[in-house]
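Me: I am in my first year and would like a close look at a single part of this structure, explained step by step. Could you take me through one of its sheets and the turn that belongs to it, and then set a second sheet beside it?

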Amino acid sequence: QVDVKWIQLWENGPKFAEYNVGVTDGKAESYGGYYAWGGSQDKVDDHNTSNTGTGDLTGTDDTATKLWGSKWRMPTQTELQGLIDNCDVAWTTVNDKTGRKFTGKGAYASNSVFLPAAGECYDGGFNGQGVGGRYWSSTPSGSSYAYFLSFLSGSQYMNDNYRYNGYSVRAVLAE
């Protein structure tokens, strides 16, 4: 089990980890690891390393649970969509790292989560670092795709892509 602070951004919403899975310095702006969907090895872009299940990732099939213990899990597609629907969103810089800051509204207006623009790991190389972010959900899309939160400086949206891509994971408390 890892001891990571969490942040809640809306009523009955998930409690997001302060930083990405794979971060070793405890900083929200650090990129952390790049994982295939449901994978636990960093920076792997092998077409055979992603989970092949057809349901939401749970238990030891979940990247966050595998690496951080049973207290944590990957967010669902709905929970990541909630960042877009329930928060004020801004492109900003934290300690020279660009990314998206999601800030709660109303009673949660003093709470925010920074997702660094870590880019992706694809075909053994990194693309888009400092330009955009891609964060896996635990929700599959068909038999070979899964949903993820994607963002650039001017937009954020849910998308789906091949599960073998190396994307970031921001865990939520498993409650």
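Reply: What follows begins with one sheet and its hairpin, and then turns to a second sheet and a patch on the surface. Please keep in mind throughout that this is a predicted model.

Let us start with the sheet that contains S4, S5 and S6, an open sheet of 3 strands that stand in that order and pair in the antiparallel sense. Strand S4, residues 88-94, and strand S6, residues 112-116, are found at the edges, and because each has a single partner strand, one side of each is left without a neighbour in the sheet. From one strand to the next, the twist averages 30°.

The pairing can be followed strand by strand. S4 and strand S5, which covers residues 97-103, are joined in the antiparallel sense over 7 bridges. Among the paired residues, Val89 stands opposite Phe102 in S5, while Val94 has Lys97 of S5 as its bridge partner. S5 also pairs with S6, again antiparallel, and here the pairing runs over 5 bridges; one of the pairs sets Thr103 opposite Ser112 in S6.

Is S5 enclosed or open to its surroundings? A residue counts as buried when its relative accessible area is under 20%, and 5 of the 7 residues of S5 are buried, so this strand is largely enclosed by the rest of the structure.

The turn between S4 and S5 deserves a slower look. The hairpin of these two strands has 2 residues between the strands, and in it Asn95 takes a positive phi near 50°. Most residues other than glycine have a negative phi, and with that in mind it is worth noting that Asn95 has its positive value although it is not a glycine. Asp96, which is found in the loop between S4 and S5, likewise has a positive phi, near 70°, and is a residue other than glycine. Are these loop residues buried or exposed? Asn95, with a relative accessibility of 60%, counts as exposed, because the limit for that word is over 50%. Asp96 is exposed as well, with a relative accessible area of 76%.

Now we can set the second sheet beside the one just described. It is an open sheet of 3 strands in the order S9-S10-S11, with antiparallel pairing. Its edges are taken by S9 and strand S11, residues 155-162, and since each has a single partner strand, one side of each is left without a neighbour in the sheet. The twist in this sheet averages 30° from one strand to the next. S9 is joined by 6 bridges to strand S10, residues 145-152, and the two run antiparallel; within this pair, Tyr135 stands opposite Leu149 in S10. Helix H2, residues 77-86, packs on the sheet and touches S9, S10 and S11, and the direction of the helix makes about 155° with that of S11.

Finally, we come to the surface. Val131 lies in the loop between strand S8, residues 125-127, and strand S9, residues 133-141. With a relative accessible area of 49%, Val131 is described as partly exposed, because exposed would require over 50%. Together with Leu152 and Tyr157, Val131 forms a nonpolar patch on the surface, and the three residues have about 240 Å² of accessible area together.

Technical notes
Residues are numbered from 1 along each chain as its sequence is written. This is a predicted model: local features need pLDDT of at least 70, side-chain atom pairs count only at pLDDT 80 or more; totals for chains, interfaces and linings use all residues. Side-chain values use heavy atoms; hydrogens and water are left out. Patches are made of residues with over 30% relative accessible area and no salt bridge: like charges are joined within 9 Å, nonpolar side chains (Val, Leu, Ile, Met, Phe, Trp, Tyr) within 5 Å. Accessible areas come from the Shrake-Rupley method with a 1.4 Å probe; for residues, only the protein chains shown count as cover. A salt bridge is a side-chain nitrogen of Lys or Arg within 4 Å of a carboxyl oxygen of Asp or Glu. Helices (H or I, at least four residues) and strands (E, at least two) are DSSP runs, numbered from the N terminus. Buried means under 20% relative accessible area, exposed over 50%, partly exposed in between (1.4 Å probe, protein chains only). Two strands pair if DSSP finds at least two bridges between them. Axes are lines fitted to C-alpha atoms, for helices over the stretch in contact, and angles run from 0 to 180 degrees between N-to-C directions. Contact means heavy atoms within 4.5 Å.
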